[in-house]
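Me: I've got a structure open and a few labels I'd like to see justified. Can you go through them with me?

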Amino acid sequence: MKRFIGFIKKEFYHIFRDRRSLFILFGMPVAQILLFGFAITNEINNVDIAILDHSKDATTKEIINKIAASKYFSINQFIEKESDIEVVFKKGKVKAVLNFEKDFSKNLIKENHANIQVITDATDPNTANTISNYVNAILQNYLKEQNKSLTAAYQIVPKTRMVYNPELKSVYMFVPGVMTIILMLVSAMMTSISITREKELGTMEILLVSPLKPIQVIIGKVFPYIFLSIINAIVIIVLSIFIFKMPVQGSLFLLGMESVLFIITALALGILISTISATQQTAMMISLMGLMLPVILLSGFIFPITSMPLPLQVISHIIPAKWFIIIIKAIMLKGVGLQYIWKETLILLGMAVFFIALSVKKYKIRLE
Amino acid sequence: MNNNKVIHVEGLTKMFGDFAAVDAITFDVKKGEIFGFLGANGAGKTTAMKMLIGISSPTSGKASVAGFDVITQAEDIKKNIGYMSQKFALYDDLTVKENITFFGGIYGLSRKHIKEKSAVLIEELGLENVANKLVGSLPLGWKQKLSFSVSLLHDPKIVFLDEPTGGVDPITRRQFWEMIYKAANQGTTVFVTTHYMDEAEYCDRVSIMVNGKIEALDTPKRLKEQFKAADMNDVFLKLARG
């Protein structure tokens, strides 16, 4: 035990004396969570639009005012002719143009029918989609107000309710993802680098010739990272609660336990990587390519798994991050207990056991 | 088992596929001896040594170190030996004192014991002024001497040195050999690989490995007579050329 404590002390010296790893450990989580929280968002706010109004009557004015009053759009300019549409788009600032047909009011009253063309800049398809949806919503809203007096014979009124994230805040979606990335990064990449570093320096050989057992060396190397990863998880959760007002509906204890499970899985992966790479650089490349990319692309963090092609959906099943994201989303947003996520937890546990067994076996083979 | 023989090797072999890196070597090392393990690069010295220190298992043959079998009792061997590898292997980002404390710790020395030892060691090496400096800032010669002292920290019966003087200046090499003599005088057996032939003259006995086999083994004096050579360099060249 005394040997073990000495070993861990040494690991902390390594970590705290290396500015690079300190930055990755503590700078990265904060930077990422703030970046994802503030800068990267699916919501639209104050999108610049242009108006081409061919009729300039009472109705169009009312609609334009309604749009201008919403926080989603701000009217950048009024244009006069069709050919200007292309010009404003090419300048790049305006993301959408509303084109009201001639005699808008008259048509509406006489024929119960009037046209607005909504042209959006689809170089960014997601934003374009969102913009056209929002414009539609505002128009529907306007119509409903106008038609209050009239009662149609039949009417289907969908009343949608978004549950668990009623304001559709994208930060709710990013926090679990970022937490997963950070824990993966710290646990897997940092441990694989720190183990290969000893191999590169030749100190691993000295440790193996010492009475320390290989398993003690491994545990000694990963223990500090378990500790630091837990601190990181706490920092991320605290930041998201206090800065982004993210709710944690479920039990904090369960969230903590699941995080520890995921951290252990990631650490086992880190050990595995260190057994197959001879240098720190190789370890880093394998961690980035083999772990980070799948976590970002295939875990359902950014791109929904259900809309992926089947082969990718199958691959996504073997990515531990996918299950962890499902688990923490369920705990944080839905507030469920273990009875709803035991399946995912079991899968993650199985993966952890598998990777630990594999890395222990690999490590032994390396020692011959 | 003769008590006087601290290392006993019989037909020790290591195969990598069809290639015999170490080909049925047999030799003994006596207690308190400085045993030179010579050979060109790639002759199999390091592989042989790795089997003796228990981090590589032999394909066939047997060997015992400090009375323990290398195959079945590797853990017991580890407690009784010190090892200094080819690569300089202390932690650059730890101070001199921290390195000593760490390595003392993994060999299970008590805190008090480590404190006493490190005070003596730092004084002997003249490192008082840099005891709290990072090892990375020390010149290579100092690091090598420190590394050797650290490998002796737990008073091992045998210390294995793998080309310990690679890349250091002649004066430091000289001082290094003085340290080796001192350790040998205190009863530690020294097993040292080198390819500096002048260093071979300092050893009590030397073995010369060529292509995985031990081709000669005796005191430097008798080897020179046997091969009618002026110095060990000559002996080595005659052997290596066949």
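**Labels and what backs them**

Reply: Sure. B:I158 stands opposite B:T189 in strand β8 of chain B. Keep in mind that this is a predicted model.

Me: What makes β7(B) and β8(B) a pair?

Reply: Pairing takes at least two bridges, and five join β7(B) to β8(B), residues 189-194. These two strands run parallel.

Me: How does the chain cross from β7(B) to β8(B), and is the crossover right-handed or left-handed?

Reply: The path goes through helix α6 of chain B, residues 170-185, giving a right-handed β-α-β crossover. That label applies because the path runs clockwise when the strands point away from the viewer.

Me: And what makes β6(B) a partner of β7(B)?

Reply: Again, the bar is at least two bridges; four join β6(B), residues 81-84, to β7(B), and the strands run parallel. Across that pairing, B:Y83 stands opposite B:F160.

Me: Why is β7(B) called mostly covered?

Reply: A residue needs 20 or more other C-beta atoms within 10 Å of its own to count as buried. In β7(B), residues 158-162, five of five are buried, so by that cut-off the label holds. Both faces are covered: B:I158, B:F160 and B:D162 sit on one side, with B:V159 and B:L161 on the other.

Me: Over to chain A. How does the span of α3(A) compare with the expected one?

Reply: Helix α3(A), residues 58-69, has 12 residues and reaches 16 Å from its first C-alpha to its last. That is close to the 16 Å expected at 1.5 Å a residue.

Me: Which residues of α3(A) are buried, and why say they line one face?

Reply: They are A:T60, A:I63 and A:I67. Seen down the axis of α3(A), the buried residues fall within an arc of 65°, so they line one face of the helix. As background, an α-helix has 3.6 residues a turn, so residues three or four places apart point the same way. The buried residues of α3(A) pack against β1, β2, β3, α5 and α6 of chain A. On the other side, A:A58, A:N65, A:A68 and A:A69 are exposed.

Me: Last one: how many residues does each chain give to the contact, and what is chain A's side made of?

Reply: Chain A and chain B put in 21 residues each. The elements giving two or more residues on chain A's side are α1(A) and α8(A), and α1(A) has the largest share, seven residues. By type, chain A's side divides into nine nonpolar, five polar and seven charged residues.

Methods:
Residues are numbered from 1 along each chain as its sequence is written. Chains are lettered from A and ligands numbered from 1 in the order in which they are written. This is a predicted model: local features need pLDDT of at least 70, side-chain atom pairs count only at pLDDT 80 or more; totals for chains, interfaces and linings use all residues. A residue is buried if 20 or more other C-beta atoms lie within 10 Å of its own, exposed if 12 or fewer, and partly exposed in between; C-beta atoms are placed from the backbone. Two residues are in contact if their C-beta atoms, placed from the backbone, lie within 7 Å. Ala, Val, Leu, Ile, Met, Phe, Trp, Tyr, Cys and Pro count as nonpolar, Asp, Glu, Lys and Arg as charged, and the others, Gly among them, as polar. The expected span of a helix is 1.5 Å times one less than its number of residues. The arc is that of the directions from the helix axis to the C-beta atoms.
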